[in-house]
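Welcome! Let's walk through this structure together, one part at a time. Have a look at the model first, and then read on.

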Amino acid sequence: MRKHIKKIASITLASLLISSSVPLYAAQATTLQINGISRSLKVAPIVEDGTTLVGLREIFEILGVTVNWDDTTGAIKAKTTDMELTLIPGTKTAKINGTPVELSTAPKQVGGNIMIPLRFVSEAFGAEVKWDAANNIISINTAPQTATEKQEIKQIEYPTLNIAEEGSKITYEEAVAKALKNSLALKSIEESIKIAEESLKHARSSIVTYRPEVNDYTKEVSYYVADIGTISSLLALTQADYGVTAAQYQKEIQEGVIKYQVKSAFDSIQKNKMDMELLNKTLENAKMQLDVITQKANLGLESDFNKTKEEQNFKEQQKQLESLKKSLDNEYIKLNRLMNIDEKERPALEYTLNFTPLEMSENELDAYIERAMTTDPSIILKEEAVKQAEYNLHLHVSSQYNPADSYAVKESKLKQARMDATQAKNELRDKIRTTYNQIKQIEEQYQVDTSNLQQAKEQYNILKTQYELGMVTELNLKQAELAILSAQVTQEKTAIQHAQLVYLLNNPYLL
């Protein structure tokens with residue numbers, strides 16, 4: 001018996017050290033000390049006829065004793081691995097392993113709590129128990145814990161989502177490689193680059209120039225257009241050169257689009273799978289609830305209306321699950337098309353996501369935006385269009401040649417290109433800043449989600465103890481588990497959204 005209480009006390013000590021769900025109480029509250037480790041008690045002891053009574057539920061909960069309530073007889077049974085204690089409120093006779101023992105005072109109900117003699121706790125569990133009335137301290141002392149018993153201490157295991165993955169595994173990098181290799185849009189751009197390079201090569205070979213027959217050697221390095229045909233060739237050259245540059249940046253942009261499409265598909269599939277797993281757990285609880293209500297309805301303890309309502313709720317959740325399955329299929333079809341594999345395949349995605357807050361201050365954001373104005377491929381394309389328009393206007397003036405477009409037309413085209421570039425920069429600045437603000441808001445939401453998850457775990461701790469004491473049903477405990485899983489899904493979805501926005505921020509041309 002003493003050996004068992006050693007183990008109970010050691011487990012209790014560990015739980016007191018690691019538990020984050022233990023509430024704090026005012027200084028005047030009664031304090032419980034187990035081998036010198038203190039905690040406050042919710043239920044204050046009372047003294048009756050010289051006997052100190054303590055709350056049965058709370059003391060047994062702390063000692064880790066399993067308690068069951070017999071609704072028929074009103075008996076309370078407390079069990080350990082080598083002892084069974086039976087108490088009946090209002091009766092001074094108790095039983096330890098079937099042997100009757102006499103209590104100094106009968107257990108009694110006070111304010112909704114069953115109170116038992118403190119001295120009996122000492123006698124039943126073989127521990128040294130003292131009550132310091134002057135300082136409101138209950139002391140429970142046991143022998144030191146052995147090394148073997150320390151190894152048996154376990155932290156509380158919380159429910160987690162287990163997403164079953166079947167089929168051949170594929171990483172994000174592997175999926176991107178397949179998508180880049182099989183993208184028709186990318187192949188089309190690559191063909192455009194070949195055409196543009198060939199046009200540039202032809203345009204260069206078509207230029208005819210000569211040096212002026214004058215004695216002005218200050219223009220030795222200048223080339224002059226020989227005739228109208230050469231002017232046309234020179235215009236074609238600049239257009240071909242711009243075409244090559246534009247096609248190369250378009251390829252870079254398209255590659256980024258494909259990578260983001262694969263990432264979005266991975267994220268959507270993961271979210272769908274989490275929703276399906278959560279709904280499966282919800283259906284398990286709904287089925288338990290339906291069974292309980294059906295049994296009560298059969299006994300005349302529940303209305304047919306409530307039974308029908310619960311049946312409809314269960315069917316609606318089943319429909320939701322079918323809808324999620326179709327949604328998951330659609331996301332896989334999108335991903336498979338990107339990779340150019342059979343749309344019926346369901347590869348197992350190697351999905352990992354670690355939430356990392358964005359380390360960028362407002363000042364750093366300003367500097368980042370300005371860098372984007374010179375490095376972002378979408379902006380570079382606009383700037384190249386401005387250069388093309390400037391060169392066409394310059395060529396018109398220097399050659400004194402009047403092609404189909406007049407000077408006024410080319411001047412307007414240059415203004416238009418400059419305005420387009422300025423507008424693109426302004427829009428990109430706004431998009432980057434807006435995305436940055438969204439990221440910061442989501443980081444705050446993630447902290448809220450983390451707090452909600454912790455609260456769900458703390459509530460689970462309470463209900464698990466109550467369940468072990470026979471105070472709540474298995475359904476209540478399952479609902480607490482479901483609350484943890486729901487909070488986990490919410491937090492994971494927030495992390496996914498955060499990662500997507502950070503990706504966009506790092507690749508602003510996708511905004």
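A good place to start is with the aromatic rings: this structure, a predicted model, holds 4 aromatic pairs. One of them is formed by Tyr172 and Phe266, whose rings meet edge-to-face, with 6.0 Å from centre to centre and 85° between the planes. Tyr172 belongs to helix H5 and Phe266 to helix H7, so this pair ties together parts of the chain that are 94 residues apart in sequence.

Are the two partners buried or exposed? Phe266 is buried, with a relative accessible area of 3%. Tyr172, at 23%, is partly exposed, because the cut-off for buried is under 20%.

Now stay with Phe266 and look around it. Setting aside neighbours within four places in sequence, Phe266 is in contact with Ile170, Thr171, Tyr172, Ala175, Leu335, Leu349, Glu350 and Tyr351. Some of these names come back when we turn to the cores.

In soluble globular proteins, nonpolar side chains tend to be buried together. Here, the largest nonpolar core has 31 residues, and Ala175, Val262, Phe266, Ile269, Leu335 and Leu349 are those with the most contacts inside it. Which helices supply at least two residues each to this core? They are helix H5 (172-182), helix H7 (228-298), helix H8 (304-339) and helix H12 (474-506). H7 gives the most, with 12 residues. There is also a second, separate core of 28 residues, which includes Leu56, Leu87, Leu103 and Ile140.

Next, let's move from helices to strands. Find the open sheet of 5 strands, which are ordered S5-S6-S7-S8-S9 and pair in antiparallel fashion. At its edges are strand S5 (66-69) and strand S9 (99-102), each pairing on one side only. From one strand to the next, the twist averages 25°. Inside the sheet, strand S6 (residues 76-79) and strand S7 (residues 84-87) run antiparallel and are joined by 4 bridges. Here you can see Ala78 standing opposite Leu85 in S7.

Finally, step back and take in the whole chain. Its secondary structure comes to 12 helices and 17 strands. Of its 511 residues, 40% count as buried. The accessible surface comes to about 29,200 Å², and carbon and sulfur atoms account for 49% of that. What share of the contacts between residues at least 6 apart in sequence join residues at least 24 apart? In this chain the figure is 68%, and the pair we began with, Tyr172 and Phe266, links parts that are 94 residues apart.

How values were computed. Residues are numbered from 1 along each chain as its sequence is written. This is a predicted model: local features need pLDDT of at least 70, side-chain atom pairs count only at pLDDT 80 or more; totals for chains, interfaces and linings use all residues. Side-chain values use heavy atoms; hydrogens and water are left out. A nonpolar core is a set of buried Ala, Val, Leu, Ile, Met, Phe, Trp, Tyr and Cys residues joined through side-chain atoms within 4.5 Å. Buried means under 20% relative accessible area, exposed over 50%, partly exposed in between (1.4 Å probe, protein chains only). Contact means heavy atoms within 4.5 Å. Accessible areas come from the Shrake-Rupley method with a 1.4 Å probe; for residues, only the protein chains shown count as cover. Rings of Phe, Tyr and Trp (its six-membered ring) pair if their centres lie within 6.5 Å; planes under 30 degrees apart count as stacked, over 60 as edge-to-face and the rest as tilted. Two strands pair if DSSP finds at least two bridges between them. Axes are lines fitted to C-alpha atoms, for helices over the stretch in contact, and angles run from 0 to 180 degrees between N-to-C directions.
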